[in-house]
Every structure is written in structure tokens, then in C-alpha cells.
Amino acid sequence: MIKKPFLAFLFAGLFGIGNAMAQTPDSLFQIEQVTDLEEIVVTASPKEYRKLREQPASTTILDEQMLQRHGIDNIKQLNGYIPNLFTPDYGSRMTSAAYIRGIGSRINTPAVGLYVDNLPFIEKSAYDFEYDAIESIDVLRGPQSTLYGRNAMGGLIRIHTKNPFRYQGTDFIIGAASYGGYRASLNTYQRVSSRLAFSAGGFLAHEDGIWRNSYTNGLMDKTDRSGLRFRMLWLPADNLKIGLNSSYEYSDQGGYPYFYRGNLEEETRSSEVGRISVNDPSHYRRHLLNNGITVEYQTNHFTLSAVTGHQYLTDNMLLDQDFTEQDLFTLGQRQQINTLSEEIALKSKSGRRWQWTTGVFGFYQWLNTNAPVAFKKEGLTTLIEDNVNDIFPSSPMAPTMHLTLNNNELAIGDIFRTPTYNLAAYHQSTFNHLFGLQGLSLTLGIRLDYEKMYIDYDSYSQPLDFTFDFAMAGVGPRPPINLT
């Protein structure tokens with residue numbers, strides 16, 4: 001990738017020719033021109049048989065220096081550096097939707113795929129993780145579904161960590177920022193022999209936050225993160241490569257600094273409108289574990305690769321869902337996700353007129369979600385008791401009824417068990433130099449996907465304890481009716 005624009009090279013070339021003609025008129029064709037180029041790192045892929053810059057796709061590559069220079073350490077900070085990419089921040093790392101050219105999904109299956117060292121991240125709740133020891137990031141805009149499946153309709157994000165065969169040493173990075181932010185990481189890269197290398201490291205990060213809760217007079221978006229990672233590459237033979245990847249990350253994030261916008265029909269509690277003031281704690285805590293094994297075998301005619309991945313995620317979200325100082329109700333959500341994936345791919349050697357990739361892919365995911373809602377005493381009175389009593393007529397000639405709730409709290413829960421499995425087969429062929437024209441190629445691809453999802457749903461609730469007072473005009477009150 002040439003640093004200087006074309007015109008700069010043109011002027012530099014003319015200047016060099018002028019100097020050469022002035023000094024040695026007979027040596028015009030002996031001029032040696034030196035051009036500085038940025039370092040180009042070629043990263044192998046088990047699927048593509050062409051270099052990234054030769055593929056018919058709109059791509060952007062961020063190298064390690066650019067990531068460090070701009071302080072990019074998670075997916076949401078890619079905004080502004082990748083054209084057509086938008087990753088909104090909804091207040092926590094739980095929902096990390098990515099949109100490319102407006103195509104994306106906030107819930108359910110993501111439309112932008114994510115791969116880390118060729119391992120797929122199937123659950124988008126795991127998309128937002130700490131970028132530590134990253135060598136480069138490739139973003140491919142546009143559909144990549146032939147090779148990368150159902151969640152790559154909008155595009156693809158590929159993240160590559162540092163290769164210990166290419167880089168050896170120990171990196172210690174420490175930084176500080178405003179609003180109580182600091183980060184420290186330590187990573188070591190060791191080449192044990194010509195056939196074995198590994199890397200290991202970890203990080204700690206903290207931010208005090210910027211959004212203040214006026215109810216507690218404290219910051220509500222404090223974040224603590226920590227993680228460990230390990231990678232090993234082994235070359236037992238000249239044509240065989242085995243890789244092992246493992247990473248763990250813990251995140252404790254205060255969040256959801258939302259405020260009450262008020263009632264459009266009648267303004268109530270005007271002191272709470274437009275300011276963050278919540279009385280119940282809100283946070284998101286997550287454990288994320290990723291493991292992967294990659295095997296690559298080379299022959300004279302093709303490359304065989306197998307990628308086995310496992311991802312475990314457990315989290316806990318707690319939210320003051322009324323977003324006011326009132327003690328109305330809170331929402332919680334706990335997820336536990338286990339995902340196993342396997343992919344076997346064959347691809348032809350590069351440099352041939354007919355190049356192809358074919359393979360099979362499958363995954364199984366266990367997803368258990370528990371989403372309880374807890375109504376507090378004030379919430380039961382305001383949202384249920386008062387609304388029900390407003391329905392009953394107050395005319396002297398009509399019967400009057402009054403509802404009284406005796407619960408101090410009411411818990412309503414939903415439990416979802418959502419197992420999912422997917423099987424796919426794909427093939428892509430590229431025919432180069434069509435009609436004898438150098439550089440003209442045609443790429444055709446097909447993918448067959450079968451996916452099935454089950455939903456096993458349970459709902460539960462505490463008993464509702466309430467009393468009805470009933471009276472009829474001219475008759476007098478009746479004894480109260482108590483029901484549970």
C-alpha cells in the first residue's frame with residue numbers, strides 16, 4: 001500500500017530525472033528509484049484462494065498500528081474508521097449489533113458475521129469483547145454468504161491476533177485517560193523452535209464512567225474488565241499445521257443511563273423528566289470463554305482445513321426499567337449459552353485458471369434464558385391497583401368496588417430454552433482469464449443451509465393476593481372478598 005499519492009511520485013520522479021540529467025547526462029536509464037512501502041502482512045484463510053485485494057469485494061484493513069493510534073479496543077469503536085459500518089451502543093455489551101450498509105439485526109440472528117482467527121462467533125452477545133494482541137482487522141462489505149453462512153448477508157468482520165512465528169518478544173502496555181480510565185496489558189510471544197510457537201497474555205481495564213445518577217449522586221456506568229488469552233501453533237510436519245486458541249474475559253459494567261421523557265398527555269413528576277435518576281441498580285455482568293482448534297493439511301493440489309470451536313457465555317443483566325426514582329418494577333435477564341461448531345473445507349491451490357473452495361459446516365447451540373420481572377409495592381399500587389379502581393364507576397346509583405393488593409412484591413418470570421442446530425454445505429468456483437483476457441474472472445457460488453430451532457417456554461408468577469370491597473347504593477357495603 002503506497003503511502004504517497006500519485007502526483008507526489010510524479011513530481012519526485014521528474015525531480016530525480018532533472019537531477020540525473022544535470023549531474024550525469026549519459027546515465028538517464030541508470031536511475032534507481034526507491035519507494036517506501038508500508039508493511040504488508042499476508043494472513044492465510046482456510047476458504048479464500050485469492051488475496052484479499054484481488055477479491056471482488058469492498059474491503060477495509062486496519063493494522064495494529066492504526067488500532068493503537070486511534071485507541072480502538074472493541075467493535076463499537078470501529079465506527080468512523082470503517083465506511084458503511086455502524087455498531088450502536090445500547091448501554092451494555094449484551095446487545096452488540098453490527099450494521100453494514102444498513103443491513104443488520106438487533107435481535108435474533110446477526111446479519112454481519114464475526115470471525116477471530118478463523119473461529120466463528122455465532123452469538124452476537126459475544127461480539128463486543130476486548131481487542132487485545134490484535135494484528136489486523138479485515139472488514140468485507142457486502143454479502144459473504146456463500147463461504148460464511150447465514151449471518152454474513154451484510155458483510156464480515158475478521159480479526160487476526162498476532163502470530164508468534166512472525167513476532168517474538170514481550171509487550172507491556174499501560175495507559176490512562178480522563179474519567180478514571182486506565183488499562184494495562186501484558187503479552188509474550190515465544191518461538192520455542194522452528195516448529196512450535198506460542199503466545200500468552202492478559203489485561204485489566206477500568207473506567208469510572210461519565211453518566212451521573214442524580215438519585216444516588218454517583219456515576220452509574222462504571223466498568224471493570226479483565227481477561228486471559230493463550231495461542232499455540234505447532235508444525236509437526238512441513239505440510240501440517242495445528243493451532244490452539246483459548247481466551248477468557250470477564251466484564252462488570254454499570255449501564256443503561258436512560259432518563260424519563262415524561263407523559264405526552266399529562267406531565268407528571270416533572271422533576272424527574274430529562275435527568276438520569278433511578279433508585280434500583282442497573283448492571284451487566286458477563287463471563288465469556290472461547291476455545292478453538294484448527295488443523296491445516298497441504299497437498300500438491302489442495303488444502304484441507306478443519307476448524308473446531310467452542311464458546312461459553314453466561315451473563316446477568318439487571319435493569320431499573322421504569323428509569324425513575326419511583327419504586328415500580330425491575331427487569332432481569334440471565335443467559336447461558338454453549339455453542340459447538342465444526343467446519344471442514346477444501347480449497348484449490350492459488351494461481352490456477354480454475355480455483356475452488358468446498359466444505360461443510362455445522363453447529364449446535366444450547367441457549368437458556370431466564371427473564372424475571374419484579375413489581376415493587378409502589379408499582380403494584382400505581383400500575384395495577386389504581387388503574388383497576390379507575391375503571392369502576394363512582395355514580396351513587398351504581399355499585400362501587402375497590403381493589404386492594406396485599407402483595408408487597410410480585411415476581412413474574414419467563415424461562416426460555418432455545419436449542420438450535422445448523423448444517424450447511426457450500427461450494428464456490430472462480431474461472432480466471434476468461435476468453436483469454438488477463439484479469440477477467442467469473443465467480444459462482446452456492447450454499448445449502450438447514451437450520452432448526454426449538455423453543456421450550458415456561459412462565460411462572462407469585463400468587464396475587466388481593467381484596468375486593470363491594471357496595472351497592474341503598475344496600476350498604478358487603479363483606480370484603482379476599483382472593484389469592
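Begin by selecting E130 and R93, whose side chains meet in a salt bridge with an N to O distance of 3.5 Å. The two residues come from distant parts of the chain, E130 from the loop between β5 (119-120) and β6 (134-141) and R93 from the loop between β2 (85-86) and β3 (99-100), 37 residues apart. Both E130 and R93 are buried, and, since this is a predicted model, the geometry on screen should be read as that of a prediction.

Keep E130 selected and add R183, because the side chains of R183 and E130 also meet in a salt bridge, at 2.8 Å from N to O. This pair again links distant parts of the chain, with R183 in strand β9 and E130 in the loop between β5 and β6, 53 residues apart. R183 is buried, as is E130.

Now widen the selection to K76, D89, R93, D128, E130, D132, R183, E207, R225, E249 and R286, which are linked in a network of salt bridges. In the whole structure there are 25 salt bridges. As a general point, side chains of opposite charge can pair when their charged atoms come close.

For another of these pairs, go to K162 and E64, where the side chains form a salt bridge of 2.7 Å, N to O. K162 sits in the loop between β7 (155-161) and β8, while E64 belongs to helix α2, so the pair ties together parts that are 98 residues apart in sequence. K162 has a relative accessibility of 5% and therefore counts as buried; E64, with a relative accessible area of 17%, is buried because the cut-off is under 20%.

Next, turn from pairs of side chains to empty space. Rolling a probe the size of a water molecule over the atoms shows where such space is left. Display the second largest pocket, which has a volume of about 1300 Å³. Its lining is made up of 48 residues, and those closest to the centre of the pocket are D73, N74, Q77, E207 and R225; E207 and R225 will be familiar from the salt-bridge network. Colouring by element helps here, since two or more lining residues come from each of α2 (64-69), β8 (169-177), β9 (181-191), β10 (196-207), β13 (223-237) and β14 (240-254). Strand β9 gives the most to this lining, with seven residues. Coloured by class instead, the lining of the second largest pocket divides into 18 nonpolar, 17 polar and 13 charged residues.

Then look for enclosed space: the structure holds four cavities of 30 Å³ or more, and the largest cavity has a volume of about 360 Å³. Select V116, F129, T161, R229 and S247, which lie nearest the centre of the largest cavity among the 25 residues that line it. Strands β13, β14 and β15 each supply at least two residues of this lining, which by class has 11 nonpolar, eight polar and six charged residues.

Finish at the surface, by selecting F230, L244, I293 and V295, which together make a nonpolar surface patch of about 280 Å². Within this patch, I293 is found in strand β15 (residues 283-298). Is I293 buried or partly exposed? With a relative accessible area of 44%, I293 is partly exposed, because its value falls between the 20% below which a residue is buried and the 50% above which a residue is exposed.

How values were computed. Residues numbered from 1 in each chain as written. Predicted model: local features only at pLDDT ≥ 70, side-chain atom pairs only at ≥ 80, totals over all residues. Heavy atoms only, no water. 1 Å grid on protein atoms, 1.4 Å probe; cavity = no way out; pocket = protein on both sides within 12 Å on 5 of 7 lines; lining within 4 Å. Points joined across faces, edges and corners; volume = space filled by probe spheres on them. Helix = DSSP H or I, 4+ residues; strand = E, 2+ residues; numbered from the N terminus. Nonpolar A, V, L, I, M, F, W, Y, C, P; charged D, E, K, R; others polar. Patch = residues over 30% accessible without salt bridge, like charges linked within 9 Å, V, L, I, M, F, W, Y side chains within 5 Å. Areas by Shrake-Rupley, 256 points an atom, 1.4 Å probe, with all protein chains shown as cover. Salt bridge = Lys/Arg side-chain N within 4 Å of Asp/Glu carboxyl O. Buried < 20%, exposed > 50% of the residue type's maximum accessible area, 1.4 Å probe, protein only.
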